[in-house]
Amino acid sequence: MSHSLMPRDEGNLPALSAPPLIRLDAYVAEDGSTVVNGHLLEMGGGVRPPNEAILDAVTMFARTLGAPVAATVIDRSVQQVARLRVYPDGSSRTIAEEEDLPPGPERTAAEEEAFPPLARVERIIQHARREELHAAFVMASALREHLTLRRGAEDELSMEARAIEAYIAYLRGDYMISTVLALTVARIRCRTDLSRAAPEVARATAAWQRMSGEGQVGTRGQELLHMWERLAAEGHLQEASHHAMAQAVRSRLERGSQYPHGPAAPTSAPALTAAQGPSQGPAQGPPQGPAQGPVAPEDKPLAPTRRGLRRFTRWPGRSAG
């Protein structure tokens, strides 16, 4: 089930006390599914293009607030980030990255106070519980992409969002995507806080055990085995279940990529909480061993923002749909 953005819905509006020009955020998946501020938009049977749906939604915010609104659009269908100004009269323009709102922790904090990440996670979980896994996955991807853009891939919230996205991908049966996403989190933990890495490596292993395809199974499995061996060498392999997973990876690699009997069930994704701070602990060097393999498709660099993207430019007087 999707949600339509309505200007009087308290869940969709920024706080009235929020500073002007807080960025809204939008996300377009490769299949055209569109999310604005954590809500999946109704697209009218695919008739309405994503850019029009986004401009209509953001215009309603501008009219409700009576002021221009900024928006950042991550569009994976064209591999671009667009930065917008949308005005109450329905007009809009794209701007270059250097024209965007000044970055900084105060701006980020204000935006996330207006649109709390935790509230978005709760909606994702609600969709997943109703087995609306496509909606849950697209919304999780949007959350992770925007947190990563604002905070960086190694930020605590960004990693937790990626772990949730990996778990939803697992529930959908997208084991390759789930493995790649979970491995990214595990890789960061192994580099920045090895004492917290074992649960992340376990999540990646659970997805990997469901994968098929000799090349990918071997490449990802070798990296997982190196992670488990490093955790053991550093004294961070305490739980019996983790020892069992490490042995399962070793055994599967020894006998080839055939599907193992009784793959481990995934560990539930951790709750995303705004109260969590950055990871603590001594920095660890990057794993030395097999190549890490290609990054997730979602992490391919996006084209830099430029002015004049016609699909996000409107003349004054255009009304929202």
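**A mixed six-stranded sheet and its surroundings**

In this predicted model, six strands are arranged as an open sheet in the order E3-E2-E1-E4-E5-E6, with mixed pairing. The edges are occupied by strand E3 (39-40) and strand E6 (92-95), each of which has a single partner strand, so that one side of each is left without a neighbour in the sheet. Helix H4, which spans residues 133-151, packs on the sheet and touches E1, E2, E3, strand E4 (69-75) and strand E5 (80-86); the direction of helix H4 makes about 130° with that of E1.

At the E3 edge, E2 and E3 pair in the antiparallel sense over two bridges, and Val36 stands opposite His39 in E3. The loop between E2 and E3 contains Asn37, a residue that has a positive phi of about 50° although it is not a glycine. Asn37 counts as buried because its relative accessibility, 1%, falls under the 20% limit. A positive phi in a residue other than glycine is also found at Glu131, where the value is near 60°. Glu131 belongs to the loop between helix H3 (117-129) and H4, and its relative accessible area of 69% is over the 50% limit, so Glu131 is classed as exposed. The two loop residues thus fall into opposite classes, with Asn37 buried and Glu131 exposed.

The loop that joins strand E1 (23-28) to strand E2 (34-36) holds Ala29, which is buried because its relative accessible area is 9%, under the 20% limit. When residues up to four places away in sequence are not counted, Ala29 touches Arg76, Ser77 and Val138. The C-alpha atoms of Ala29 and Asp75 are 6.6 Å apart in space, while these two residues are separated by 46 residues in sequence.

A single aromatic pair is counted in the model. This pair consists of Tyr170 and Tyr175, whose ring centres are 5.3 Å apart and whose planes meet at 65°, so the arrangement is edge-to-face. With regard to solvent accessibility, Tyr170 counts as buried at 10%, whereas Tyr175, at 23%, counts as partly exposed.

For the protein as a whole, nine helices and six strands are assigned. Of its 321 residues, 49% are buried, and the protein exposes about 14600 Å², of which carbon and sulfur atoms supply 54%. Among contacts with a separation of 6 or more, 72% are between residues 24 or more positions apart.

The confidence of the prediction has also to be considered when these features are read. The average pLDDT of the protein is 80, and 75% of the residues score at least 70. Over residues 1-20 the pLDDT stays under 50, and the model has 42 contacts beyond four places in sequence for this stretch. Residues 259-298 likewise have a pLDDT below 50, and 88 contacts beyond near neighbours in sequence are present in the model for that segment.

Technical notes. Residues numbered from 1 in each chain as written. Predicted model: local features only at pLDDT ≥ 70, side-chain atom pairs only at ≥ 80, totals over all residues. Heavy atoms only, no water. Helix = DSSP H or I, 4+ residues; strand = E, 2+ residues; numbered from the N terminus. Buried < 20%, exposed > 50% of the residue type's maximum accessible area, 1.4 Å probe, protein only. Contact = heavy atoms within 4.5 Å. Pairing = 2+ DSSP bridges. Axes fitted to C-alpha atoms, helices over the stretch in contact; angles between N-to-C directions. Areas by Shrake-Rupley, 256 points an atom, 1.4 Å probe, with all protein chains shown as cover. pLDDT = per-residue confidence, 0-100. Phe/Tyr/Trp six-rings, centres within 6.5 Å; stacked < 30°, edge-to-face > 60°.
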